[in-house]
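Biologist: Please take a close look at one part of this model for me: the sheet, and what sits around it. I am new to this, so keep the steps short.

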Amino acid sequence: VLILIRVIAVILFVGWRIKNNNSDVMWFWVISVVADVWFSLSWLSYQLPKYNPIKMIPDLATLRKQFDTPGRSSQLPGIDVIVTTASATDEPILYTMNCVLSILAADYHIGRCNCYLSDDSGSLVLYEALVETAKFAALWVPFCRKHQIDPRAPESYFELEGPLCGGASHKEFIQDYKHVCTQYEEFKKHLDMLPNTIRQRADIYSKTGTKDEDAKVTWMADGTQWPGTWLDPAEKHRAGHHAGIVKIVQSHPEHVVPLGVHESNDSSLNFDGVDMRLPMLVYVAREKCPGVEHNKKAGALNAELRISALLSNAPFFINFDCDHYINNSEALHAAVCFMLDPREGDNTGFVQFPQRFDNVDPTDRYGNHNRVFFDGAMYGLNGQQGPTYLGTGCMFRRLALYGIDPPCWRAEDIIVDSNRFGNSLPFLNSVLAAIKQEEGVTLPPTLDDSFLEEMTKVVSSSYDDSTDWGRGIGYIYNMATEDIVTGFRIHGQGWRSMYATMEREAFRGTAPINLTERLRQIVRWSGGSLEMFFSHISPLFAGRRLSLVQRLSYINFTIYPLTSLFILMYAFCPVMWLLPTEILVQRPYTRNHMVGLVAQRAIFHDWLGNCISDSGVAHGGEYPYKKRYTLQSHHKATSG
């Protein structure tokens, strides 16, 4: 009702502005009216989706009752979790490894959760950091399971004011806590020393090398050459030019559940009755070649989509930026809960969680939390076709990323050929398997030479050529904001999405902490939004199955940067009064009214001067303001 009243008020105001043109400068009046109309339409397109806001909360108890009852085989679907990082120097390694640890320790069926690290720099430091992380995870993950702690990223957990647990006795917990805290500090020291360790290893091997080129080689711990970027860049071993790499750091867990022993090999902790297994952990660095467009984050995610299809082919696919982590160990259950909902689950393409941050000051001076959007607009979209994809903390249905229609629109015969998906036969078979058994679990095949060759093939720089990858399949290319474009493409096929919230935030991360970084981020988002609006996938025309309100929302998301032009114009309005009056100053009255006003003002001044003289305040002269103004002089005085 309030929105309706405001709409009527806005319409009346715009109508009044158009009918009452009292400006002497027509072009300025036209611009101001256009600005008012623009603000009104922008506000209306932002308010319309809010007429049916819905807040959705997962029912985890019902999910466990139906799909994960203790004492019988779990029916939960598989999940492939992807962590993307672009550089080991620009993005702190410790943050990335904490994200990986939170995934490995997440409260989800171990054999149905797989973790992939996408390293777009091909750095040996990141690979060996992941190896160290797998070693520390053998202690950290059972500790989390035993004491049921949250969050399960150690850096965030150990920063809490006091140790928190929900499992074993307090005395036993304190002992375990101190031991794990000590081991974590050792783990951080190992990560800090990795660059020097790799450099020293390279120096040792270079002294024993027999060839001149061996002096530049970066060596792995097992004595083999690193196929990615080297510390001393060389041909085919530098940033932007290196081979594709796929290495399984932690194998897929076996079906038999090994319980912890009383005295573990690497600590004195008691892990009796605790599942010691770890999810599969894979390191991936896609191939890069000079002169080939790599499509940044979208290209890296598409490579992960293909390699995960070969190794695990889970029906659900969730991606994280490396500076985010799982804050609520039940978050994966929550996302799956919406996907398996018997009402709308089959037609749900993705589930988006709100973005929350740790390093924002109490006043949130740069608006990183963006409460109006995350706690307002997104709930409104939940009542429509669903929220848009926001780049991180989002679980996709693999079929939706493959460009396949939802069940309510899906044809019986789905064509899966090399022209669309590429020329890898094992990958094409995985797509068919995903269609036929959408919620099944695929165990990794035998890693023979032919399969290793196929894995390298699907992460090659040329695999996307002459296919639909980046257009109708996977994450969209050639856009600065690949997230909103990818979400739009999925919605346009008829899929809906869900906005999931939990009492304890599902995921948390870090945000820009200075104005320069924040403005750079906003400029990138704004430019990408306008780029989408003026592209071939503009929400004005594309998306044949979008609802009307959903389309209006996407239009608003993509053209909002233009509002800044009108805001800038209004900001300059006070400054315009300093310009010559003949150009911009509007005459508030006609000439006859002005003459009468000047005469009345002169009479008032005469009366005021006489009152002051009679009171003795101003003796010995005429009151200084007692004079008659001409029309021209009054006009100039008013402008001054």
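Modeller: Start with a definition: two strands pair if DSSP finds at least two bridges between them. Keep in mind that this is a predicted model.

Now take strand E9 (residues 348–352) and strand E10 (residues 394–397). Three bridges join E9 to E10. The two strands run antiparallel. Look for Gln352, which stands opposite Cys394 in E10.

Next, step back to the sheet. It is open and has eight strands. Their order is E5-E6-E2-E1-E7-E10-E9-E11, and the pairing is mixed. The edge strands are E5 (245–250) and E11 (496–499), and each of these pairs on one side only. On average, neighbouring strands of this sheet are turned by 20° against each other, with direction ignored.

In that order, E7 stands between E1 and E10. Strand E7 covers residues 316–321, and Asp321 lies in it. Asp321 has a relative accessibility of 22%, so it counts as partly exposed. The cut-off matters here: buried means under 20%, and exposed means over 50%.

Asp321 also carries an annotation. An unreviewed UniProt entry places the feature "binding site" at Lys297 and Asp321. These positions are spread over 25 residues of sequence, yet they cluster in space, with a largest C-alpha distance of 9.8 Å.

Where is Lys297? It lies in helix H8 (residues 296–311). So the record's feature has one position in a helix and one in a strand of the sheet, by the run definitions used for helices and strands.

Now compare their contacts, leaving out residues up to four places away in sequence. Lys297 touches Thr84, Asn319, Asp321, Gly391 and Glu482. Asp321 touches Thr84, Cys99, Lys297, Gly391 and Thr392. Lys297 and Asp321 therefore touch each other, contact meaning heavy atoms within 4.5 Å. Thr84 and Gly391 appear in both lists.

A word on cysteines, since Cys394 and Cys99 have come up. A search of the whole structure finds zero disulfides. Two other cysteines to find are Cys289 and Cys337. Cys289 has a relative accessible area of 19%, so it is buried. Cys337 is buried as well, because its relative accessible area is 16%.

Key. Residues are numbered from 1 along each chain as its sequence is written. This is a predicted model: local features need pLDDT of at least 70, side-chain atom pairs count only at pLDDT 80 or more; totals for chains, interfaces and linings use all residues. Side-chain values use heavy atoms; hydrogens and water are left out. Helices (H or I, at least four residues) and strands (E, at least two) are DSSP runs, numbered from the N terminus. Axes are lines fitted to C-alpha atoms, for helices over the stretch in contact, and angles run from 0 to 180 degrees between N-to-C directions. A disulfide is a pair of cysteine sulfur atoms within 2.5 Å. Buried means under 20% relative accessible area, exposed over 50%, partly exposed in between (1.4 Å probe, protein chains only). UniProt positions are given in the numbering used here, feature names are shortened, and annotations may be inferred rather than shown by experiment.
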